[in-house]
Amino acid sequence: MNDVGSIGHGVSLSLRGSGRLITRLDTPPSILHRHPFSNIAPAAYLKTDITVVDIETDARWAQFKHLALPHGLRACWSSPICDAEGRAIATFAFYYRNVRGPTAFEREVVANCVHLTQIAIDRHERVLEHQRRAFTDALTGCPNRAAYHAALSKLESAAVGSWALLVLDLDNLKVVNDTFGHHAGDRLLQVASDRISEAVSPGRTFRVGGDEFAVILEASDVLRDLEKIADEVLSALSVAADCGGHSIVPRATIGGATFSSDDAGVASVRQNADFALYHAKETGRGGFVRYWAGLRSNMTRRMGAIRDLSAALREDRIEAHYQPIFRLDTREIVGLEALCRMRIGDNLVSAASFHEATADAQVATMLTARMMALVAADLRRWLDLGIPFQHVGINVSSADLSGGAVGQVLAAALEREQVPLTHVILEVTETVYMGRGDQAIQQAIRALRADGIRVALDDFGTGFASLTHLLTVPVDVIKIDKLFVDHLEPDGVSVTIVEGLIRTAKKMGIRIVAEGIETEEQVEQLRAIGCALGQGYIFSPAVNRDTTTALLLGHAQGISRPPISTRSGMG
């Protein structure tokens, strides 16, 4: 037994599915790689020991003995290694320089080795399975966020221009979940994952969040035209799919960025792609935006505005100011428009200065909720003072309407203060009314009016709404934009347009309010063409609650006080 050659000259392991032999000791690997079916494969297939006492004469070695004999290998003994379920996962083989079979001692040694090898391989496979699960999204089967981070970390030393990143959000997952249930939503994610992966191949697709996917692209032809690959992804997604028995078209928005010389590293590219996606959502969901140099500064400014407004909301630095709406003939106050102000130290900042922050849906809805609470409290105070008050207009954003809860938020705020719903009008700008997702917005407007909430169309004339849309999605009030008021001239185009609008709106039962009135001449021109209501600096700018209270006590319709006629008279 002290002669190694007499016991066995080599040991080999053949791992299931590996397509190769792993050799031990000094058996020439070239031989073992070229005769997999001589002993080792039958042992695995039959799950039993295979002993070849004489390679030269055994029929099973007829085609391979010329590979073994020149190297002094005369006999072979192979044992299968099975897992806990009885499947052959490897083989353990001895090769001898003598014509013989295994001894009892060798069988005992091999039995122990086989057992230990079985344990080692089983543990290795469990580790691999654990890693697979750790880096694989269970629902879609594509790599997950952990795999995404690992893949990006390997790109830290990549050359400039050698890779690009697409980030993608499914736009309608929440709607599908809420409407058809999570089973349909899960199926939507699976369909989207498969289609994205196929469209970007050989690029790698990762599911990095609930409705978020990322794609790493390294192919040179793809890097030359990111727009093309993004279009192919959107095209692949645009086909209706069966999601839990419902026909649903996956909808997505994509942002992209290429690793350039301006980027400090992977983190910079990721942020650029996120900026591009954020911008794509704001400018037109369902499309693609590629990052460009100026986008970072724009987004940085916008994120700063979001941060500042969020802080103001947390610290209760949001205030409601009010601009009165007057009857043009009697100069009586018939309503108010609530306008948001943010206090910074001793200064007040108008909503225009932080308007970019309302692009964030969460911040926008929080701001609206705060304004509704403030207005409701002020309304309660004015009603307690016995003011014959009519209504306040509160501006709402597309985020408020898309979320579908603005009516409930308003009702809750008014209920807390025990203020009737009739004292509030929700104002929607024309760009929101006819903007992105206009069908959803218009559906929300219909629902609000069905619940008894009046709606005003603000800034009419700045966008592309027309009276024909008001036939299908009617409103209660139209506010003519200051642009038309500024251009009121006798026999001018603005006069003709406004006069026609007033005439048509009256027939439809819609009230008209002219915005931005600054001169007595404009007042008289508006009265001459039939406009009864207006607001603007000629009457009063937006003022705080206490000043508004004084104005209402002096000039609210129904209070017997001398009318005012100049801005200075408004105090």
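Is Tyr-95 buried or exposed? In this predicted model, Tyr-95 has a relative accessibility of 0% and therefore counts as buried, since anything under 20% relative accessible area is placed in that class. Trp-61 is buried as well, because its relative accessible area is 0%.

These two residues also belong together as a ring pair, and the count of aromatic pairs in the model comes to 9. The ring centres of Trp-61 and Tyr-95 lie 6.5 Å apart with their planes at 90°, and because planes over 60 degrees apart count as edge-to-face, the pair is described in that way. The partners come from distant parts of the chain, for Trp-61 sits in the loop between strand 3 (50-52) and helix 4 (65-68), while Tyr-95 belongs to strand 5 (residues 88-96), 34 residues apart. Elsewhere among the aromatic residues, ring pairs join Trp-77, Phe-92, Phe-94 and Tyr-96 into a cluster.

We can now turn to a helix. Helix 10 (residues 226-237) is made of 12 residues and spans 17 Å from its first C-alpha to its last, which is close to the 16 Å expected at 1.5 Å a residue. Its buried residues are Leu-226, Ile-229, Ala-230, Val-233, Leu-234 and Leu-237. When helix 10 is viewed down its axis, the buried residues fall within an arc of 140°, so they line one face of the helix. The general reason for such a pattern is that an α-helix has 3.6 residues a turn, so residues three or four places apart point the same way. The buried residues of helix 10 are covered by several elements, including strand 6 (164-170), helix 8 (182-200), strand 8 (212-217) and strand 11 (252-258).

Technical notes. Residues numbered from 1 in each chain as written. Predicted model: local features only at pLDDT ≥ 70, side-chain atom pairs only at ≥ 80, totals over all residues. Heavy atoms only, no water. Phe/Tyr/Trp six-rings, centres within 6.5 Å; stacked < 30°, edge-to-face > 60°. Helix = DSSP H or I, 4+ residues; strand = E, 2+ residues; numbered from the N terminus. Buried < 20%, exposed > 50% of the residue type's maximum accessible area, 1.4 Å probe, protein only. Expected span 1.5 Å × (residues − 1). Arc of directions from axis to C-beta. Contact = heavy atoms within 4.5 Å.
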